[in-house]
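This briefing introduces one protein structure to a reader who has not seen it before. It begins with the surface and then turns to the fold and the charged side chains.

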Amino acid sequence: MLFSGTRATGVEVVRDGGGTEVIEARHVILSAGAVSSPAILMRSGIGPAADLRRLGIEVLLDRPGVGATVIDHPRTGVFMVPKAGTFNPEDAFLQTIVRTTAPGSSEFNDLQYYMINHFDLSLFPELQMLAAAKTIFGVMVVHQRPESRGRLTLTSADPGTPPDIDLNFLATERDVRTLVDAVRTCWQLMQTAGIQDRGERFIVLGDEMLEDDEIMGHYVRLSLDSGYHPVGTARMGAEDDEGAVVDERLRVYGAEGLYICDASVMPSIVNCNTNLTSIMIGERLADWFTRS
Ligand SMILES: Cc1cc2nc3c(=O)[nH]c(=O)nc-3n(C[C@H](O)[C@H](O)[C@H](O)COP(=O)(O)OP(=O)(O)OC[C@H]3O[C@@H](n4cnc5c(N)ncnc54)[C@H](O)[C@@H]3O)c2cc1C
């Protein structure tokens with residue numbers, strides 16, 4: 001991004017065929033997603049000053065909140081290797097989702113269970129080795145309101161180098177406990193006639209492990225994956241909040257004419273999948289612009 005003092009004046013883009021082009025503008029709306037938006041901000045000199053200086057980036061605005069928080073939905077589940085002929089790969093792999101509140105939780109609908117009819121492991125060679133199978137099925141659970149917070153850091157000023165993302169899942173005891181209990185529920189659901197009958201064998205998990213909290217904690221860590229819903233890397237907050245990056249109108253604090261308009265600005269994670277909320281953030285800014 002280009003600035004005159006702290007006013008955003010445009011962007012410099014890399015053209016497909018090579019070379020760069022400068023596009024001047026009165027307003028710059030950064031909407032590159034929760035991974036790329038903070039990375040572009042930092043490469044443009046807006047972020048934690050010490051980190052930027054370490055990478056040789058000239059500091060325009062010291063905003064410690066850029067990349068300081070990453071929130072995502074962790075997920076795990078209970079899986080089986082299907083018996084031959086029990087699934088049709090042409091069928092949708094996912095058709096049923098149940099949203100519910102974990103026992104004792106004060107967070108409404110903080111769990112999402114879903115039935116995976118079949119899942120192709122071609123892209124996951126390590127899981128293929130573990131399962132000794134190419135396809136699995138099962139019941140998955142996603143924790144929609146985790147306490148754990150991760151961090152996104154720039155490792156190079158070069159735009160071709162991706163940032164480092166530490167999701168830091170299961171950093172709190174509550175997050176571990178919630179998923180351990182939820183995996184026990186997945187196990188119960190898998191016992192249902194019509195589900196278990198379709199399976200040849202369970203993957204990793206067995207009856208004898210279910211009561212042991214420590215072993216179940218290991219299982220959750222081993223089987224954990226991201227829901228691919230990162231948010232919060234340039235979060236909205238009040239002016240006196242040091243970690244806030246944008247105000248209630250998506251304007252970057254300290255930089256005139258610069259807006260962030262994507263999942264980065266969410267101050268906490270929604271208890272549902274994040275696409276619709278991201279679209280609504282875009283609609284909201286578009287609405288403000290067309291009315292002004
Ligand atoms: C595999 C996967 C599955 C998902 N499934 C679901 C789902 O089922 N339901 C749901 O609600 N959510 C789902 N999500 C999450 C959802 O896609 C995101 O929350 C949502 O797209 C976020 O919107 P965004 O505008 O913040 O970012 P994005 O949709 O990521 O948009 C950012 C855009 O910026 C572009 N961009 C990035 N860097 C640059 C650059 N340097 N120059 C130019 N352009 C750039 C990207 O190409 C992209 O088009 C899924 C995500 C993934 C990865």
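The accessible surface of the protein comes to about 15,300 Å², and 52% of that area belongs to carbon and sulfur atoms. The model is a predicted one. Its C-alpha trace spans about 65 × 45 × 40 Å along the principal axes.

**Overall fold**
- The protein contains six helices and 15 strands.
- Of its 292 residues, 43% are buried.
- Taking contacts between residues at least 6 apart in sequence, 64% join residues at least 24 apart.

**Charge and the negative patch**
- Side chains with a negative charge number 40 and those with a positive charge number 25. The centres of the two sets lie 4 Å apart.
- A patch of negative charge on the surface is formed by Asp 207, Glu 208, Glu 211, Asp 212 and Glu 214.
- Within this patch, Glu 208 sits in the loop between strand E13 (199–202) and helix H5 (213–223).
- Glu 208 counts as exposed because its relative accessibility is 67%, and the cut-off for exposed is over 50%.

**Salt bridge between two helices**
- The whole structure holds twelve salt bridges.
- One of them pairs the side chains of Asp 213 and Arg 184, with N to O at 2.7 Å.
- This pair links distant parts of the chain, since Asp 213 belongs to helix H5 and Arg 184 to helix H4 (residues 173–190), 29 residues apart.
- The two partners fall into separate classes of accessibility: Asp 213 is exposed, with a relative accessible area of 52%, whereas Arg 184 is buried, at 18%.
- Arg 184 is classed as buried because 18% falls under the 20% limit.

**Salt bridge within helix H6**
- Asp 287 and Arg 291 form a salt bridge in which the closest N and O atoms are 3.0 Å apart.
- Both residues lie in helix H6 (residues 275–291), and they are four residues apart, about one turn of the helix.
- Asp 287 is partly exposed at 26% relative accessibility, while Arg 291 is exposed at 67%.

**Other salt bridges**
- Glu 147, Arg 174 and Asp 175 are joined into one network by salt bridges that share partners.
- Glu 200 and Arg 201 also meet through their side chains in a salt bridge, at 3.0 Å from N to O.
- Arg 201 counts as partly exposed, with a relative accessibility of 32%.

Notes
Residues are numbered from 1 along each chain as its sequence is written. This is a predicted model: local features need pLDDT of at least 70, side-chain atom pairs count only at pLDDT 80 or more; totals for chains, interfaces and linings use all residues. Side-chain values use heavy atoms; hydrogens and water are left out. Patches are made of residues with over 30% relative accessible area and no salt bridge: like charges are joined within 9 Å, nonpolar side chains (Val, Leu, Ile, Met, Phe, Trp, Tyr) within 5 Å. Accessible areas come from the Shrake-Rupley method with a 1.4 Å probe; for residues, only the protein chains shown count as cover. A salt bridge is a side-chain nitrogen of Lys or Arg within 4 Å of a carboxyl oxygen of Asp or Glu. Lys and Arg count as positive and Asp and Glu as negative; His and the chain ends are not counted. The place of a charge is taken as NZ of Lys, CZ of Arg, CG of Asp or CD of Glu. Buried means under 20% relative accessible area, exposed over 50%, partly exposed in between (1.4 Å probe, protein chains only). Contact means heavy atoms within 4.5 Å.
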